[in-house]
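Student: Could we walk through this model together, one question at a time?
Tutor: Gladly! Have a look at it, and then ask away.

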Number of protein chains: 2
Amino acid sequence: MDNMEQVQLREIAPADIEAASFTIIADELGPCQLPPAGFAVLQRVIHATGDFSFADTIRFSPGAIDAALAAIRDGRDILTDVTMVAAGINKSLLAGWGGSVHCRLGDPAVAELARSTGRTRSEVAIEEGLAAGGVGILAIGNAPTALVRAIRLLAASDPANAPVVIGVPVGFVNAAESKMLLHHSPLQHITSLGRKGGSPVAAAMVNALLRLAAA
Amino acid sequence: MDNMEQVQLREIAPADIEAASFTIIADELGPCQLPPAGFAVLQRVIHATGDFSFADTIRFSPGAIDAALAAIRDGRDILTDVTMVAAGINKSLLAGWGGSVHCRLGDPAVAELARSTGRTRSEVAIEEGLAAGGVGILAIGNAPTALVRAIRLLAASDPANAPVVIGVPVGFVNAAESKMLLHHSPLQHITSLGRKGGSPVAAAMVNALLRLAAA
């Protein structure tokens, strides 16, 4: 127990923790070439991961943030690949504009269709979610297969009117490749190149946009 | 679109993706001093984050894995600090032993108690969840305040019979300190020192244990 007493905790009110964290992140990052809105997105990603390497890998298509803010303010929905991304999104901020968060991954019909066609559940869930319409932002934090399928579907139809794609799958098999594909696509997108990413990164990007939309 | 065609995706069946990822991780990690069960936990953390630095920061108290496996096999519950951790846990594997996953964060009574006492909702949610009993594993992926409160409560009562604590909050204010406190505590624990961590890390650790329990 002696060792426990040597650990010094910072005394801070709960309401002040986020602002203190964001100050530390800005201070340690130093000069950043991103415009303020892009910086706000990056800052929240670093806040969610403790990982400054996202400053080197984050990418925005020109106009991505404006398109995402317009989608939020129009009350359009957010579709996610996995429930962890949906769980991390600030749904009350989104509801203020009339939008809601959807994830089809747990739908038994999706599981059955995936089994019968030999595809991943995530891929089928994204297809079904996009087909239902009303999606302003597609947030993919886990499944490269879902991101690849979404890019091909959306790029082949009407890229200019497609949802903004937040595509940050994590992993070792096709995750980096799927994000490179997104980055080279005609779709409005926010991504992070390389292997890193994940549900908290996707949720942090969405939440930063929700804060910007409300500002 | 020409650039899109230059991106080479690996052709692989959905059922083979996880095994292929785990092979890449083991190959790139190289020799590792962890015993096989600890290595399985680390491997799943790297799989969830794309981040090999967890190999340097992961820590297990002696006996932590055995205690966690016993808790799972006894059908005890898992309490999480945030819904994202709960969302990431393989609940069907846990249900096979009779356990279930709980998170009190969305409980209106918890929010009210946090407001009236000036504490974080996460902290109050953990207190209430522990008081309800039946918890075999406490998985904290987000809130340092919740981890600190849990350590103090559990270390002060009966550490030998306390839940195993998987404590991996992420962030810049007291996250590293809370994990150092856990590491110096008498509690059975799995953690990762430093700022990094998060919901997918906590969920990956739990899921690795659920696979080990089933093996």
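**Two chains, their pockets and a cavity**

Tutor: To set the scene for this predicted model, chain A superposes on chain B by a rotation of 180 degrees with 0.0 Å of shift along its axis, at an RMSD of 0.0 Å.

Student: What kind of axis has that relation?
Tutor: Good place to begin. The rotation that brings chain A onto chain B is 180 degrees, and the shift along the axis is 0.0 Å. That is the relation of a two-fold axis.

Student: Which residue of chain A comes closest to the rotation axis?
Tutor: Here we go by C-alpha positions. The distance from the axis is 2.6 Å, and the residue of chain A that comes closest is A:M84.

Student: What percentage of the interface residues of chain A are also interface residues in chain B?
Tutor: The copies meet through the same surface, because the interface residues of chain A are also interface residues in chain B. The share is 100%.

Student: How much space lies in the largest pocket?
Tutor: Let's take its lining before its volume. The largest pocket is lined by 50 residues, and nearest its centre lie A:V82, A:S122, A:N142, A:A143 and B:E18. By class, that lining divides into 21 nonpolar, 18 polar and 11 charged residues. The space in the largest pocket is about 1800 Å³.

Student: Which helix gives the largest share of the lining of the second largest pocket?
Tutor: The second largest pocket holds about 1500 Å³ of space. Its lining has 46 residues, and closest to its centre are A:E18, A:H47, B:V82, B:S122 and B:N142. The classes in this lining are 22 nonpolar, 17 polar and 7 charged. The largest share, 5 residues, comes from residues 199-214 of chain A, helix α12.

Student: Which residue forms a salt bridge with A:E18?
Tutor: Side chains of opposite charge can pair when their charged atoms come close. Over all chains, the whole structure has 16 salt bridges. In the one formed by A:E18, the closest N and O atoms are 3.6 Å apart, and the partner is A:R211.

Student: How many residues apart in sequence are the parts that this pair ties together?
Tutor: A:E18 lies in helix α2 (residues 17-29) of chain A, while A:R211 lies in helix α12 of chain A. The pair therefore ties together parts whose separation in sequence is 193 residues.

Student: What is the volume of the largest cavity?
Tutor: A search of the whole structure finds 1 cavity of 30 Å³ or more. The lining of the largest cavity has 17 residues, with A:T49, A:F54, A:G197, B:T49 and B:G197 nearest its centre. Two or more lining residues come from each of α3 (36-49) and α12 of chain A and α3 (36-49) of chain B. As for the volume of the largest cavity, the value is about 150 Å³.

Student: With which side chain does the side chain of A:K196 make a polar contact?
Tutor: A:K196 sits in the loop between β6 (189-192) and α12 of chain A. Beyond its neighbours within four places in sequence, A:K196 is in contact with residues including A:S53, A:F54, B:T49 and B:K196. The polar contact of the A:K196 side chain spans 2.8 Å, and the other side chain is that of A:D51.

Student: Which side chain is joined to that of B:K196 by a polar contact of 3.2 Å?
Tutor: B:K196 is in the loop between β6 (189-192) and α12 (199-214) of chain B. One polar contact of its side chain is with the side chain of B:D51, at 2.8 Å. The polar contact of 3.2 Å joins the side chain of B:K196 to that of B:S53.

Note on methods: Residues numbered from 1 in each chain as written. Chains lettered and ligands numbered in written order. Predicted model: local features only at pLDDT ≥ 70, side-chain atom pairs only at ≥ 80, totals over all residues. Heavy atoms only, no water. 1 Å grid on protein atoms, 1.4 Å probe; cavity = no way out; pocket = protein on both sides within 12 Å on 5 of 7 lines; lining within 4 Å. Points joined across faces, edges and corners; volume = space filled by probe spheres on them. Nonpolar A, V, L, I, M, F, W, Y, C, P; charged D, E, K, R; others polar. Helix = DSSP H or I, 4+ residues; strand = E, 2+ residues; numbered from the N terminus. Least-squares fit on C-alpha atoms with pLDDT ≥ 70 in both. Contact = heavy atoms within 4.5 Å. Polar contact = N/O pair within 3.5 Å; in protein donor to acceptor, adjacent residues only side chain to side chain. Salt bridge = Lys/Arg side-chain N within 4 Å of Asp/Glu carboxyl O.
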